[in-house]
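Colleague: I'd love to understand how words like "cavity" and "core" get decided. Could we talk it through with a model in front of us?

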Amino acid sequence: MLNSSLIPTFAAMQKRPMPAELKKGGVILIDKPYKWTSFDAVNLMKITLRAKIGHCGTLDPLATGLLICCTGDMTKQISQYQQLPKEYTGIFHLGAITATYDLESEPSDFKSTEGISEEHINNAVHQLTGDIMQVPPIHSAIKKDGKRSYDLARAGKEVVLDARPVIISEFEILSIHLPEVAFRVVCSTGTYIRSLANDFGSLLGCGAYLQQLRRTKIGNFNVNEALTPQQWKDIWKPPLHTNI
């Protein structure tokens with residue numbers, strides 16, 4: 001279990017840790033921008049701080065939101081932070097599928113969403129809530145026979161991944177404007193929201209892919225307390241002012 005004394009309070013985060021203390025060990029909350037990889041965000045922090053740093057769980061490039069980074073001695077706690085539950089908001093797009101289960105690949109197999117009712121959607125939500133078995137996307141970093149699944153998939157090789165147990169503790173529909181369905185999910189580590197989108201569409205019989213995703217919480221950490229990598233850089237290296 002993560003030692004609660006290691007988790008900064010909101011008040012502490014408001015002080016915005018500076019490079020000197022972060023080199024010894026600290027936690028940085030990043031709001032990852034759209035189309036940035038998690039490596040992009042961490043690398044900018046590493047170059048700016050010139051400190052040992054690692055992240056506590058990646059986000060896909062098309063996702064935005066909360067990325068926790070640990071520096072210095074706090075990198076020893078990364079595995080514990082990774083086990084915290086996560087909250088996401090986003091949009092499922094019904095009526096088509098993609099190979100990657102999101103917009104990294106082109107939609108295909110278009111189907112009508114006519115006849116899809118709120119009751120159908122709520123039934124699908126019910127079936128995908130709780131302890132479920134989930135098959136990860138083949139376009140993921142999971143290793144198969146010693147190689148990354150996405151490398152095998154990109155090479156045109158057949159990839160079959162085993163279903164894994166995950167926990168969807170909360171699954172809420174925020175709005176329905178077909179073909180778009182906005183949602184909020186709280187889930188265990190290891191859950192793929194892209195797979196959730198694909199399974200959601202399969203249950204409805206029309207297909208679906210993940211159109212938009214934002215990670216809003218990790219444990220008690222909230223993206224509202226985070227800054228973008230550029231905002232952190234501006235705090236740590238403010239522009240020089242010239243006296244006139």
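Modeller: Happy to! This is a predicted model. Let's begin with the largest cavity, whose lining consists of Asp60, Leu62, Ala63, Asp102, Leu103, Arg194, Leu210, Gln211, Gln212 and Leu213.

Colleague: What makes those residues count as its lining?

Modeller: A lining residue has an atom within 4 Å of a cavity point, so each residue on that list passes this cut-off.

Colleague: Which element gives the largest share of the lining?

Modeller: That is strand 10, with 4 residues.

Colleague: How many lining residues are nonpolar, polar and charged?

Modeller: There are 5 nonpolar, 2 polar and 3 charged residues. Asp and Arg count as charged, so Asp60, Asp102 and Arg194 belong to the charged class.

Colleague: How many cavities of 30 Å³ or more does a search of the whole structure find?

Modeller: The search finds 1, and the largest cavity has a volume of about 80 Å³.

Colleague: Now the core. Why is the set with Phe92 and Phe200 called a nonpolar core?

Modeller: Such a core joins buried residues of types such as Phe, Leu and Ile through side-chain atoms within 4.5 Å, so its members meet that test. The largest one has 28 residues, and Phe92, Leu94, Phe171, Phe183, Ile193 and Phe200 are those with the most contacts inside it. Helix 7 gives its largest share, 5 residues.

Colleague: What makes Phe200 a contact of Leu94?

Modeller: Contact means heavy atoms within 4.5 Å, so this pair has heavy atoms within that distance. Beyond its sequence neighbours within four places, Leu94 also touches others, including Thr113, Val181 and Ala208.

Conventions
Residues numbered from 1 in each chain as written. Predicted model: local features only at pLDDT ≥ 70, side-chain atom pairs only at ≥ 80, totals over all residues. Heavy atoms only, no water. Buried < 20%, exposed > 50% of the residue type's maximum accessible area, 1.4 Å probe, protein only. Helix = DSSP H or I, 4+ residues; strand = E, 2+ residues; numbered from the N terminus. 1 Å grid on protein atoms, 1.4 Å probe; cavity = no way out; pocket = protein on both sides within 12 Å on 5 of 7 lines; lining within 4 Å. Points joined across faces, edges and corners; volume = space filled by probe spheres on them.
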